[in-house]
Structures are given as structure tokens and as C-alpha cells.
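I opened the model today to look up a strand pairing first, then the sheet around it, and last a single side chain elsewhere in the chain. My notes follow in the order in which I looked.

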Amino acid sequence: MTRRVISSGTGSDGSATTPENQTSHGRTIQSRKHSDAGKQVQPKGRSVAGGAGRASSSGKKTQENTVESGNKGSVSRSRSGDFVDARNLAGEDFVSKTLEETIGTLGVVTRPKVVDFSTRLKERRKANARVVAMRACVSAAVIVVAGALVWLFFFSSVFRLESGNISVVGANEWVSESQVLDIAGQQAGKSILLVSNNDVEKKIKEIPGVTSAQSKKKLPDSLEVTIKAQKPAAMLKTGEDSMTAVDSKGRILNSVSGASVEGIPVIEVKDVETSLSNRSIKEALKILSSLPESMRNSITKVTAETQDSITTEINGGDRVIVWGDSSGLKLKKAVVDKIINDPNVIGDKHNVDVSAPLRPIIK
């Protein structure tokens, strides 16, 4: 009985096969005949007769197994179903493979793609802890900066308004600067950013004689108040040397001793407080405050016996204007201006009554 054994790296005597034992086609088949048909020969090396390569009783030959050989150190390969010597199989170096997979573009070893789960979990927890810590630090920094800015703008002395840094423009002898400073000074001690311009202006406009007021902040710690102060609408005369300045609303102005009353109409009254509550005086003040400055400067006397008989004398009685009450003042002023400034109309007359402006009377 004849058997064929495929050499997978060792001979029948246990010696390794060499390239010299291979044929020029890269295949070596060794056959050995045994004298005893029932005797099986076990190679010293590891060899297994494949069931597919065992001959049948009819002498059918097994298929030839081929072994591809290359240069020294090459891996032997066999066809499916052939004998394979496991000793010649190439082993996989997992360490080298892992290092190759983890080498970066710059040749630096990076973290392996697959790591222990617990290690990865610890790394994630550390990363989360760092993120939380960073967010906490950023939040704390924002709070500190915001607190510092709040203190700087609203509580520090840098933006604090002091009384000495308040200035007044437009005051006159009737509306004194001290009156305005008393009101604006109420904002002293505050941050300039908290000072309300509207409140300051509203209170200053309540001062008798003030027709307009404007408050302007000047950073970091100054305030400028500009006012427009009118002259008194009239002077209330109660005696030879006793006169009180009042505005168009009947409010007593700040009177300064020695102030000039030139160009200011004078109304003779018995008592200042009583007269200011009298309707006739109120009507007279409305008329006088509405007259142009040129006419006001020439008024020498004002009488207000009743609320419908307000009369003004111009240039010592050269012209006498009877206004009646304060109704229709715009039309009344236009009629008076036309009559007294046109010689052809006034002629040698001196008295003009416009209490009924559509039917003026010239005397």
C-alpha cells in the first residue's frame, strides 16, 4: 500500500526541509513505500493524513497537496483541505499591531483605540469635573467683574456728585443762583448716573420767574443747570420804598435790595398778599407779561380797579391804553400797535380803548 505525505517543514527523519529539497516549480512531494501494507509510518515531525487524501481500497490516489514556498521566512500556504503544519504559521504580534495603530502622524504614541472601560470612565469624569470647574471659575469671574463695575459706577467717589460741582447759568437779580443750587444740591451725594435731569428741571421751573430750565450731566461728577429767568411781570408798590416783584402767575420773586426796577411796570396796592388773591391784579399781571419789551419799558403806571378795566399809561400819560380784561390779547395788541404807531389814525388823540377790539374807541 502506497501513501503520500506532504512535507510541511520537516522530513521523515525529523529534519527540516530546505529550499534545495524543493523542485524548481516550488513543490516537493515525497513518497515512501512501506514493505508492510498494514504498517503505518508516523513521521518524527507532526503529520496528519487527511481523510480527503487517503486512497480508497480500489487504489484511488489522493489529491496532491502543494506547498508554496518563497524566500526564507515566507509563510507556507496550502489549499483547502490540505495538511497544514501549525508550527510554520505566522504568529500575530498584537503588541506591534497596537503600537502601529496608535502611532500618530508625528510619530507620537497616542491613546489606544480600545481601553479599559473603567479607565475611560475615570477619564470622562475627570474631563467633566474640569468643565464644571472651568464654568464655575468663569461664572465667579463674571460676578466679581460685575460687582466691581456696580461699585465703581454707583458707590465709589469717582462718579459721586458733589455740591461744589454744580454750576448755574442764566440766573439774574430776580432768580438768584442760590435758589437753583438749593434745588440741584438735593442730588448731591448720589452717583451722577442716578441723578434725574427731569426731576431737577421740574423743580427748578417751579421757581418764580423761571420760564425754562435744562439740566445736563458732565461725567464723571459734574452737573450744569441752565435757566431762563424773566424779569418780574410787575412791581407791587405798597409805600414809598416798599415794592415787591411778582411774576405773571402772581408768585412773589426773590427780591434783591437795590435792584433796578427800570422797565418794570408798577402797580400800586394796599397789601401784597391780599392783592395777589384779587382777580383784577391777576388779570393785570397776565396783560403786562404778554406785552412786548419795548412797550413794557415805556409803561409808567398801571391801574386795576376792576378785572374789566385794566389800564396802562405810557410815557407819563402820553398814551393811555384801556385793555379791559385778558381775553383776546393777541387781537388787542395788534389793534393797539396799529393805532398808536399810525399818526393818521391816532392823530392828536391820547386814549385808546380796546376792551372791545373789533370796535376800538379813540379819545
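I began with V210 and found that its bridge partner in strand 5 is A229. I keep in mind throughout that this is a predicted model.

From that pair I moved to the strands as wholes, and noted that strand 4 and strand 5 (residues 222-229) pair in the antiparallel sense over 8 bridges. I then traced the sheet, which is open, has 3 strands in the order 3-5-4, and shows mixed pairing. Which strands stand at the edges? I wrote down strand 3 (166-169) and strand 4 (210-218), each of which has a single partner strand, so that one side of each is left without a neighbour in the sheet. I also looked up the turn between neighbouring strands of this sheet, which is 20° on average when direction is ignored.

Next I looked for helices lying across these strands. Helix 3 (residues 177-184) lies across strand 3 and strand 5, and I noted that it runs at about 140° to strand 3. Helix 4 (residues 197-205) lies across strand 4 and strand 5, and here I noted an angle of about 155° to strand 4.

My last entry concerns E283, which I located in helix 6 (residues 279-290). Is E283 buried or exposed? I recorded E283 as buried, because its relative accessible area is 5%, which is under the 20% cut-off. Leaving aside residues up to four places away in sequence, I listed Q307, I310, D325 and S326 as the residues that E283 touches.

Terms used. Residues are numbered from 1 along each chain as its sequence is written. This is a predicted model: local features need pLDDT of at least 70, side-chain atom pairs count only at pLDDT 80 or more; totals for chains, interfaces and linings use all residues. Side-chain values use heavy atoms; hydrogens and water are left out. Helices (H or I, at least four residues) and strands (E, at least two) are DSSP runs, numbered from the N terminus. Buried means under 20% relative accessible area, exposed over 50%, partly exposed in between (1.4 Å probe, protein chains only). Contact means heavy atoms within 4.5 Å. Two strands pair if DSSP finds at least two bridges between them. Axes are lines fitted to C-alpha atoms, for helices over the stretch in contact, and angles run from 0 to 180 degrees between N-to-C directions.
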